[in-house]
Amino acid sequence: MYKRMSSRDRSSTFDVEETTALVQNGTEVENTNPSWKLSFPHVLVATLSSFLFGYHLGVVNEPLESISLDLGFNGNTLAEGLVVSMCLGGAFIGSTLSGWIADGVGRRRAFQLCALPMIIGASISATTRNLIGMLLGRFVVGTGMGLGPTVAALYVTEVSPPFVRGTYGAFIQIATCLGLMGSLLIGIPVKEIAGWWRICFWVSIVPAAILCLAMVFCAESPHWLYKKGRTAEAEAEFEKLLGGSHVKFSLAELSKLDRGDDGDIVKFEELLYGRHFRVVFIGSTLFALQQLSGINAIFYFSSSVFKSAGLSSGLANVFVGIANLSGSVVAMVLMDKLGRKALLQWSFFSMAVSMAIQVAASSSYIPGSAALYLSVGGMLMFVLTFALGAGPVPSLLLPEIFPSRIRAKAMAVCMSVHWVINFFVGLLFLRLLEQLGPQLLYSIFGTFCLMAVAFVKRNVVETKGKSLQEIEIALLPQE
């Protein structure tokens, strides 16, 4: 059993002699990075949740026609739309509760709670004989999809050494891309093999079960343990993640924060005003601008653009997937070299340029064949540049800039904003395309991208290579 300690008690754990030793040896500790190999397996297991997120986003794309035929709603576009988007409703609920769950039961158990509805929901979808069962299964899976991104972002940020935190953060986006591509590959035989769509759902249970079981052997977040007063356990987990020589320094860093914040309960209104408002506003706006850039609209519309160029929807998905994955891999390499802020700015600016190319392609002044090439090229460039920064950076940056006390709940609020805007963009895109036309709609998306560049330049701080404690002290000086 552990004894609960207040923040002041935790601070006093480090006596004068120990603190003096840390100061004397601090330079050596800081200049010697811990081995990335210690934390890597834990991060790898955590990104299984992101793989599942991507897989379930794309799992019904290819088999949707077969599902509608087998379950008796073929030709009902409303029902087909609900099958695709029902998970968004579950995801909103999951993301809204994610911060309270992650803070209540810990990061590891939150991962297991994320995997559980994915297993149950996929089983319901795989065995159902009617539309209601399919919608129920998609909704249950959605709750896990909503919980997963928040917990993954929190966990990866809190267990990663500062010098590779950006690289590890990019793994989340790469895993999502691999999940999307995996769902497309699994769905290829669906037109040749009757009932194959059921296999597509059953397959997803395997990585979900692995996530649930492997988390038993992974480290708990030392930041969460420390916040709960479980200092001895936090020390043990730091040793597992960073190595013995970095434990005392890491605990000393944690002891600088949260003095006087002994209450663990964070009220919702605390996130909306007061000294926490600025960081929550920055986080929510970043996720809003990410979605208002039009990325999901581009994904929804890509198949028809490629069909106009004489390419199949399957090939379109492959090209978009390769562009997405390539950008994510490059972001992984650059994240801890160029920094988060530079990647965000250049990413949003390049997306605005891509939208300008799309606007030019829609112009009547461009010949037909040239317009098609411009449209396809602009679309692939947009996906590639999104994956370079606007895709992976927000989910890494926000847990870095949020203070430890509010980190989980603030992430939940920001992810809820993400899901709401995602839903409305998907709902209104085709209607706006009909009403406004591609030129005006793409111009609006490009304008949001330029607004994002200005917002990032004005409000986002660089966090590359800094410890979470250094970032927190810089953004929220202790009163």
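**Entry 1. R340 and its partners**

Which side chain meets that of R340 in a salt bridge, with N to O at 2.7 Å? I looked this up in a model that is predicted, and the partner is E400. I noted the places of the two residues: R340 belongs to helix α18 (residues 340-361) and E400 to helix α20, so that the pair links distant parts of the chain, 60 residues apart. I then checked the surroundings and found R340 buried, and E400 likewise.

R340 also forms a salt bridge with D336, and here the closest N and O atoms are 3.0 Å apart. I recorded D336 as buried, as is R340.

**Entry 2. Helix α20**

I turned next to the helix that holds E400. Helix α20 spans residues 393-401 and is mostly covered, since 9 of its 9 residues count as buried. Among them I listed V393, P394, L396, E400 and I401.

**Entry 3. Salt bridges in the whole structure**

I asked how many salt bridges a search of the whole structure finds. The search gives 11.

One further pair I examined is K248 with E235, whose closest N and O atoms are 3.4 Å apart. This pair, too, links distant parts of the chain: K248 is in helix α14 (residues 247-255) and E235 in helix α13 (residues 231-242), with their positions 13 residues apart in the count. Are these two residues buried or partly exposed? K248 is partly exposed because its relative accessible area is 34%. E235 counts as partly exposed because its relative accessibility is 28%.

I also noted a network of salt bridges that links D103, R107, E158, K227, R407 and K409.

**Entry 4. R138, a charged residue without a salt bridge**

I located R138 in helix α8 (residues 131-159). R138 is buried and yet has no salt bridge. Where is the nearest side chain of opposite charge? It belongs to E80 and is 13 Å away.

I then looked for what does surround R138. A polar atom of its side chain lies 3.4 Å from the backbone oxygen of V84. Leaving aside neighbours within four places in sequence, R138 is in contact with several residues, including H56, V59, V60, V84, S125 and F201.

**Entry 5. Aromatic pairs**

I searched the whole structure for aromatic pairs, and the count is 11. One of these is F53 with W419: the ring centres are 5.8 Å apart and the planes stand at 65 degrees, so the pair is edge-to-face. Because F53 lies in helix α4 (residues 48-58) and W419 in helix α21 (residues 407-436), the pair ties together parts that are 366 residues apart in sequence. I found F53 and W419 both buried.

Y168 and F171 form an aromatic pair that is tilted, with 5.6 Å from centre to centre and 40 degrees between the planes. I asked how these two residues are placed along helix α9 (residues 165-186). They are 3 residues apart, and therefore separated by about one helical turn. In general, an α-helix has 3.6 residues a turn, so residues three or four places apart point the same way. Both Y168 and F171 are buried.

As a last item I followed this pair outward. Y168 and F171 form one aromatic cluster together with W36 and F40.

Conventions
Residues numbered from 1 in each chain as written. Predicted model: local features only at pLDDT ≥ 70, side-chain atom pairs only at ≥ 80, totals over all residues. Heavy atoms only, no water. Helix = DSSP H or I, 4+ residues; strand = E, 2+ residues; numbered from the N terminus. Buried < 20%, exposed > 50% of the residue type's maximum accessible area, 1.4 Å probe, protein only. Lys, Arg positive; Asp, Glu negative; His and termini not counted. Salt bridge = Lys/Arg side-chain N within 4 Å of Asp/Glu carboxyl O. Polar contact = N/O pair within 3.5 Å; in protein donor to acceptor, adjacent residues only side chain to side chain. Contact = heavy atoms within 4.5 Å. Phe/Tyr/Trp six-rings, centres within 6.5 Å; stacked < 30°, edge-to-face > 60°.
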